[in-house]
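I opened the file to look up a few strands, some backbone angles and one pocket. My notes follow in the order in which I went through them.

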Amino acid sequence: ATTRVSVMAGSCTWRLNREDAEKADDVARRACAAHAVVGIRTFDCGDIYAGVEDLVGRFLATARGQHRALFESVRLHTKVAPDLDALARLQPVAGEAPAAQRQREAAVARFVEGSVWRSANRLSASVVDLVYLHWWDWNQWGFVAALRALAQLRERGVVKEVGVTNIDAPRLRPLLETPPPGCPKIACVQVNLSVVDRRAVATGLGELCQTHGVRLLAHGALMGGLLSKTWLGAPPPEDGAHPNFTSNLVLIDAFGGWGRFQDVLRALDLVASAKATALGCRVTLSMVAIAWTLAQPGVGAVVLGARDADHVKDAGVAASRLELGGDDLAAIDAAAAGAPGPAGEVYGLERDDASVSVHSERNGSLAATTTHFRECARRLAELHRLYAAHLPEAPAGLFEAPPPPRGKGLAPWTAVSAYANLELTELVYVLRGFVSEIDCLPAPPGSDGSDDASPAPEVAKLRTFAARMLAATEQALFVAQKRGAPGRGR
């Protein structure tokens, strides 16, 4: 089987050292650069991956200023994961009037649009190439309404493609074969798939995607780093280890425990050694694990959260040049044969096991809330400081005092803001995005049953000033174009 397909940069594992912002920033910057150097230019983000979109946005700003061709080659994917508690307030009530249903649908649409615009603005992107919808609980109403909201964003050109993540075959099939009115074409499905977690293969999800021409993207191919030689012959990670280890240890327990997992590691290592001898080059256990995942039905790419430059290079080699033959695949499959799990549908265990997906993560988006409002105001203030020469003075009290200047301990070429190095044309698009984002922010309390609502006057003030910033930038761009000058912002 051939594995000549792509690798995408998965950024969820860059959520570390939240108390050490400079270290987190440095890790993400190096990870972005390492992927870009080896030709991996698609970055997989998410609205609940704390701080990741901001960090990727700063990398893009750096590329925008230093290497335009690199910047323009980058593709951006993100996810919308509506908060579970917010959805609980929007569940249908028996005998409700049609107006109440329309109000609930509008609330879901506002949440989805607010999340997408927030992601785009964090990344300083006018278009997001692919947006996935993740749904925590199938018993909660609103999934179809959220898909319809994404379809509308696609029609408006904000989103190029729509996908779903962590979905099982029974729920995907009707979306592909008899989609509800107003739902978008599903371009991609992203699920967990590895040598240990084979549910996407066992339940026919991969074949379903293959039949309907849907790209299946696999995350978890290295199980958060556990599928590596580091763990061959080693004891399991201690309690309190990295969250990626914790969630994958649940899958290993379902697989049959650490001892059975060691059997798989040994099989992968034996294949790696044989491949290294045959090819006359370095082949690692992890590279073979990636190649196995890419060889499965329907898989078009793997999403890897590698941070080390050598690991990123290995992933590129595994995707582009390492091919596993029938004997290789059979040897790996034999080591996993007879495992009791993970069983059931894709992501079923994760939905039910609180140790895999904790409550705080299920309410980590906070789109269209007062938290979102404050973040949006902070970002708009940051942009205003950068381009003050083109923009009107901010009303007193609209923005909070700026934080201490960044830059201490950072590489000199690193952009200090996701909004650095914008041309005037790009600045116009970003400000249009801010106006649209603010339009999704909370209305007066009680308008959608939410207790977490920002006072309408504060939202109105921010929206008014964002519109003034946009008008001033459009005027500056018009003047520059009349003079025949390029529309550069700084």
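**Entry 1: parallel strands.** I started with strand 2 (residues 42–44), which pairs with strand 3 in the parallel sense through three bridges. The model is predicted, so I kept in mind that local features need pLDDT of at least 70. For one of the residue pairs I noted F43, which has L76 of strand 3 opposite it.

I then followed the pairing onward. Strand 3 (residues 75–80) runs parallel to strand 4, and four bridges join them. I looked up two partners here: H77 faces L130 in strand 4, and K79 faces Y132 in strand 4. Strand 4 is in turn paired with strand 5 (residues 159–165), again parallel, over six bridges. L130 turns up again in this pairing, with E161 as its bridge partner in strand 5. From strand 4 the chain passes through helix 6 (residues 143–155) to strand 5, and I recorded this β-α-β crossover as right-handed.

How much of strand 3 and strand 4 is buried? For strand 3 I found five of six residues buried. For strand 4 I found seven of seven residues buried. I entered both strands as mostly covered.

**Entry 2: backbone angles.** Next I went through the unusual backbone values. The peptide bond between G341 and P342 is cis, and its omega is near 0°. P342 belongs to the loop that runs between helix 14 (326–336) and helix 15 (348–352).

Y347 is also placed in the loop between helix 14 and helix 15. Its phi is near 70°, which is positive although the residue is not glycine. Is Y347 buried or exposed? The relative accessible area of Y347 is 11%, under the 20% cut-off, so I entered Y347 as buried.

S124 also has a positive phi without being glycine, with a value near 50°. I placed S124 in the loop between helix 5 (98–122) and strand 4 (128–134). S124 has 6% relative accessibility and therefore counts as buried.

**Entry 3: the second largest pocket.** I then turned to the pocket list. The second largest pocket has a volume of about 430 Å³. Its lining has 20 residues, and those closest to the pocket centre are F71, S124, A125, S126 and V127. S124 is thus a residue I had already noted for its positive phi.

Which elements supply at least two residues each to this lining? I found helix 2 (52–66), helix 3 (68–73), strand 3 and helix 18 (424–439). Helix 18 gives the largest share, with four residues. By residue class I recorded ten nonpolar, three polar and seven charged residues in the lining of the second largest pocket.

**Entry 4: two loop residues.** D83 is in the loop between strand 3 and helix 4 (84–88). D83 has a relative accessible area of 4%, so D83 is buried. I checked D83 against N363: the two are 280 residues apart in sequence, and their C-alpha atoms are 4.3 Å apart in space.

L226 is in the loop between strand 7 (215–219) and helix 10 (243–255). I found 0% relative accessibility for L226, so L226 counts as buried. How far apart in space are L226 and P236? They are ten residues apart in sequence, and the C-alpha to C-alpha distance is 9.2 Å.

**Entry 5: a helix length check.** Last, I tested helix 17 (residues 370–386) against its expected span. With 17 residues at 1.5 Å a residue, helix 17 should span 24 Å. Its end C-alpha atoms are 25 Å apart, so I noted agreement. Of the 17 residues of helix 17, 13 are buried, and I entered this helix as mostly covered.

Technical notes
Residues numbered from 1 in each chain as written. Predicted model: local features only at pLDDT ≥ 70, side-chain atom pairs only at ≥ 80, totals over all residues. Heavy atoms only, no water. Buried < 20%, exposed > 50% of the residue type's maximum accessible area, 1.4 Å probe, protein only. Expected span 1.5 Å × (residues − 1). Pairing = 2+ DSSP bridges. Right-handed = clockwise from strand over helix to strand, strands pointing away. 1 Å grid on protein atoms, 1.4 Å probe; cavity = no way out; pocket = protein on both sides within 12 Å on 5 of 7 lines; lining within 4 Å. Points joined across faces, edges and corners; volume = space filled by probe spheres on them. Nonpolar A, V, L, I, M, F, W, Y, C, P; charged D, E, K, R; others polar.
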